[in-house]
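Visitor: I'd like to go through the labels on a structure and hear the reasoning behind each one. Could you show me the molecule before we start?

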Amino acid sequence: MLRGSGHPEEAVGAAEEALRLFQACGGRYGEGEALNALADALGDLNEIEKELDARRLAADAFEQAGEPRAASTLGLLGLTLCEERRWAEAIEPLQRAVSLNAAWGKEEDSRLLLLPRGIALVKAGRCVEAIEPLTEAAKQLGEYATAGDTEAAVDEGEALLWLGHTYGMLGRAHERETGYARAALCFRALGDRDRKKTALACLQVARAATRTDGWRGWLAWLRLRLLPGAAHGDPARAQSLRLRTVFDRRIIVWVLLEAASLLIVHMLTVPDAPGWARLMSVSLVLLAQAGGKALARWTSRRQ
């Protein structure tokens, strides 16, 4: 009540008095409750180290009392450490929280912890270990997103984006491409333009690395569509090619606008030319531009 009314300093005193009383009574569950209240109040005062210490003690008290709230308390501890960018420290409490939820049959409570745990592992340089929680996070969040949970859909896109980053760090180029493509689809469905642009930009870089960003990628996609059996040779590459149709749709608008402007220029400069000649001229200019871009991509890869 004191925290809710904007008096966190007084809330600290009340929580500390409650803690002393519970310690005198020997009630570990009550100690955990008081320590959690104390941690919340200290967080309001931005006393981060004291907040973290209180949260750790609360988790220990709940565990000794056999109380399932130990998992949520450890989760809060891990999330606070992530907010402070103390990634290496955040990994252990987040993992313990997930393990305790599994032991008590509450796996669904871990869905909000898998993504932060995966990010913490990536930030700590443990990319191989990060694949499993990020993959599971994308799977579980996707199930909630299908049921209409918008917040879960956003987190699913973030998990897929981080999967793309992680696969890139591990040199798994095609799986990186797939992660970015799925993230772009997720954000496009949500109408989140900023995150969609980020995913599409990452996807373009990933395709440049696998040489599927130009006409080669479309030819490979067409071959896979016509010859499905070709997927058995390299399943990861086949999966990324199936998502080749995910691209920045603004390109189509740009091409149409450019073609229209070229057509207008041609009509003004050569007014007596037949229609087929105009279309041929515009097509040749667009093909020349596409060839120049392909040459530039080839040159940049060589460099």
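Visitor: Why is Phe247 called partly exposed?

Guide: In this predicted model, Phe247 has a relative accessible area of 22%. The partly exposed class runs between 20% and 50%, so Phe247 falls inside it.

Visitor: What makes Trp218 and Phe247 an edge-to-face pair?

Guide: Two values decide this. The ring centres of Trp218 and Phe247 are 5.9 Å apart, and a pair needs centres within 6.5 Å. Their planes stand at 80°, and over 60 degrees counts as edge-to-face, so both conditions are met. The pair ties together parts 29 residues apart in sequence, because Trp218 lies in helix 11 and Phe247 in the loop between helix 12 (235-242) and helix 13 (250-269). Trp218 is partly exposed, with a relative accessible area of 31%. Ring pairs also link Trp218, Trp221 and Phe247 into a cluster, and the count of aromatic pairs comes to three.

Visitor: What makes Leu219 fit in a nonpolar surface patch?

Guide: Leu219, which sits in helix 11 (residues 215-226), has 47% relative accessibility. A patch residue needs over 30%, so Leu219 passes that cut-off. Its partners in the patch are Trp215, Leu222, Leu226 and Leu227, and the five have about 540 Å² of accessible area together.

Visitor: How do you know that Arg96 and Glu63 form a salt bridge?

Guide: Their N to O distance is 2.0 Å, and the limit is 4 Å, so the pair qualifies. This bridge links distant parts of the chain, with Arg96 in helix 5 (residues 87-103) and Glu63 in helix 3, 33 residues apart. Arg96 is partly exposed at 25%, and Glu63 is partly exposed at 30%.

Visitor: What makes Glu132 and Arg117 a salt bridge?

Guide: The closest N and O atoms of Glu132 and Arg117 are 3.9 Å apart. That is within 4 Å, so the name applies. Glu132 belongs to helix 7 (residues 127-146) and Arg117 to helix 6 (residues 111-123), 15 residues apart. The two get unlike labels: Glu132 is partly exposed at 48%, whereas Arg117, at 12%, is buried.

Visitor: What separates Arg56 and Asp53, which also form a salt bridge?

Guide: About one helical turn, because they are three residues apart in helix 3. Their closest N and O atoms are 3.2 Å apart. The structure holds 21 salt bridges, and a network of them links Arg3, Asp40, Asp44, Glu51 and Arg55.

Visitor: How do you know that Cys82 is in no disulfide?

Guide: The nearest cysteine sulfur, that of Cys127, is 15 Å away. A disulfide needs sulfur atoms within 2.5 Å, so Cys82 is left without one. The structure holds zero disulfides.

Visitor: Is Cys82 buried or exposed?

Guide: Cys82 has a relative accessible area of 12%, and buried means under 20%, so it is buried. Cys25, at 68%, counts as exposed.

Visitor: Why is Asn46 called exposed?

Guide: Its relative accessible area is 60%, and the exposed class starts over 50%, so the label follows. Asn46 is in the loop between helix 2 (28-44) and helix 3 (48-64), and its phi is near 65°, a positive value in a residue other than glycine.

Notes:
Residues numbered from 1 in each chain as written. Predicted model: local features only at pLDDT ≥ 70, side-chain atom pairs only at ≥ 80, totals over all residues. Heavy atoms only, no water. Patch = residues over 30% accessible without salt bridge, like charges linked within 9 Å, V, L, I, M, F, W, Y side chains within 5 Å. Areas by Shrake-Rupley, 256 points an atom, 1.4 Å probe, with all protein chains shown as cover. Salt bridge = Lys/Arg side-chain N within 4 Å of Asp/Glu carboxyl O. Helix = DSSP H or I, 4+ residues; strand = E, 2+ residues; numbered from the N terminus. Buried < 20%, exposed > 50% of the residue type's maximum accessible area, 1.4 Å probe, protein only. Phe/Tyr/Trp six-rings, centres within 6.5 Å; stacked < 30°, edge-to-face > 60°.
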